[in-house]
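Here are a few exercises to work through with the model open in your viewer. Try each task before you read its solution.

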Amino acid sequence: MLAKKISSLQHPLVLYWAKLLKDRALRSKSHCCIITGEKLIRELSNRLVIKSLISTKETKTIPAENYFIATEGILKKITGLASPDGYAAEITLPSPQDLSSSKRLLVLDQIQDPGNLGTLLRSAHALGWDGAVFTPGTVDPFNDKALRAAKGASFYLPFAIENRETIASWKHTHLIADIRGEPLGKSAFTSPIALILSSEGQGPNFWPNGKRIYIPMQSGVDSLNVASAGAILLYAMRPI
């Protein structure tokens, strides 16, 4: 298939890709998102359908339904990056899964910062957790900032979107990160486990069956960034 050349920043496809980068509703409707970087695009081309490959030079070694050669200015516009590496792609999103029987789950309850969310997904994937569950009000894991922080984990770690009532009904030990809880070193963990991390601004929500745990810290330190605290807890509770 011949690559099509695009040079105008006002081209309909360029406007569509730029909107897809920022618009959660459009990503949900189209079931697609924009990813950036040659390495990640090559890796994901073996798992998901690349609908459009956009690059500054002709590339036929990455399987895609459509190929486009674009200017660096277009790559900057559709990736939101000041110095893209010359590769972007419109890729199909993975679908939510039923994780109710998974043994180790990370529950992200109304986490708002996309960088923190992406970092948590990266940590959970690296440490062998089975999946992540997002409650309503959590930032989109396919937000461009979340994707960059996750370094591909968003596409490898199974995920689900469920409300608190549904998650609370699962037969897991629900462990809530909360400074009012039991010290981490005094807690025992038996799977199935659901580790619940909440919004830094609002604090933990009410979970009817939850056990609260916290990471002991130096006197005078209020809390850790949720991504840092999450990484410690994920490591402590990782599969052995």
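**Exercise 1. Find which residues make the nonpolar surface patch of about 390 Å² in this predicted model, and place V221.**

Solution.
- Step 1: the patch is made by I179, M217, V221, L224 and I232.
- Step 2: V221 sits in the loop that runs between β11 (210-214) and α9 (226-236).
- Step 3: patch members need over 30% relative accessible area. V221 has 40% relative accessibility, so it counts as partly exposed.

**Exercise 2. Work out the strand order of the open six-stranded sheet, and name its edge strands.**

Solution.
- Step 1: the order reads β8-β7-β6-β10-β9-β11, with parallel pairing.
- Step 2: β8 (159-161) and β11 each pair on one side only, which makes them the edge strands.
- Step 3: from one strand to the next, the twist averages 30°.
- Step 4: now look at one pair. Strands β6 (residues 104-109) and β7 (residues 131-134) run parallel and are joined by four bridges. Within this pair, L105 stands opposite G131 in β7.

**Exercise 3. Explain how the buried residues of helix α1 (residues 12-22) are arranged around its axis.**

Solution.
- Step 1: the buried residues are V14, W17, A18, L20 and L21.
- Step 2: these residues lie on the same side of α1 because they cover an arc of only 160° around the axis.
- Step 3: P12 and K22, on the other side of α1, are exposed.
- Step 4: follow K22 a little further, and you will find a network of salt bridges linking K22, D144 and R148.

**Exercise 4. Compare three of the eleven salt bridges by where their partners lie.**

Solution.
- Step 1: side chains of opposite charge can pair when their charged atoms come close. A salt bridge here needs a nitrogen-to-oxygen distance within 4 Å.
- Step 2: in R42 and E38, the closest N and O atoms are 2.9 Å apart. The two residues are four apart in helix α3 (residues 38-44), so about one helical turn separates them. R42 is partly exposed at 30%, and E38 is partly exposed at 26%.
- Step 3: D109 and R164 meet at 3.1 Å, N to O. D109 lies in strand β6 and R164 in helix α8 (residues 164-169), so this pair ties together parts 55 residues apart in sequence. D109 is buried, at 0% relative accessibility, whereas R164 is partly exposed at 25%.
- Step 4: K211 and E182 meet at 3.4 Å, N to O. Their pairing ties strand β11 to strand β9 (residues 173-183), parts 29 residues apart in sequence. K211 is partly exposed at 32%, and E182 is partly exposed at 29%.

Conventions
Residues are numbered from 1 along each chain as its sequence is written. This is a predicted model: local features need pLDDT of at least 70, side-chain atom pairs count only at pLDDT 80 or more; totals for chains, interfaces and linings use all residues. Side-chain values use heavy atoms; hydrogens and water are left out. Buried means under 20% relative accessible area, exposed over 50%, partly exposed in between (1.4 Å probe, protein chains only). The arc is that of the directions from the helix axis to the C-beta atoms. Patches are made of residues with over 30% relative accessible area and no salt bridge: like charges are joined within 9 Å, nonpolar side chains (Val, Leu, Ile, Met, Phe, Trp, Tyr) within 5 Å. Accessible areas come from the Shrake-Rupley method with a 1.4 Å probe; for residues, only the protein chains shown count as cover. A salt bridge is a side-chain nitrogen of Lys or Arg within 4 Å of a carboxyl oxygen of Asp or Glu. Two strands pair if DSSP finds at least two bridges between them. Axes are lines fitted to C-alpha atoms, for helices over the stretch in contact, and angles run from 0 to 180 degrees between N-to-C directions.
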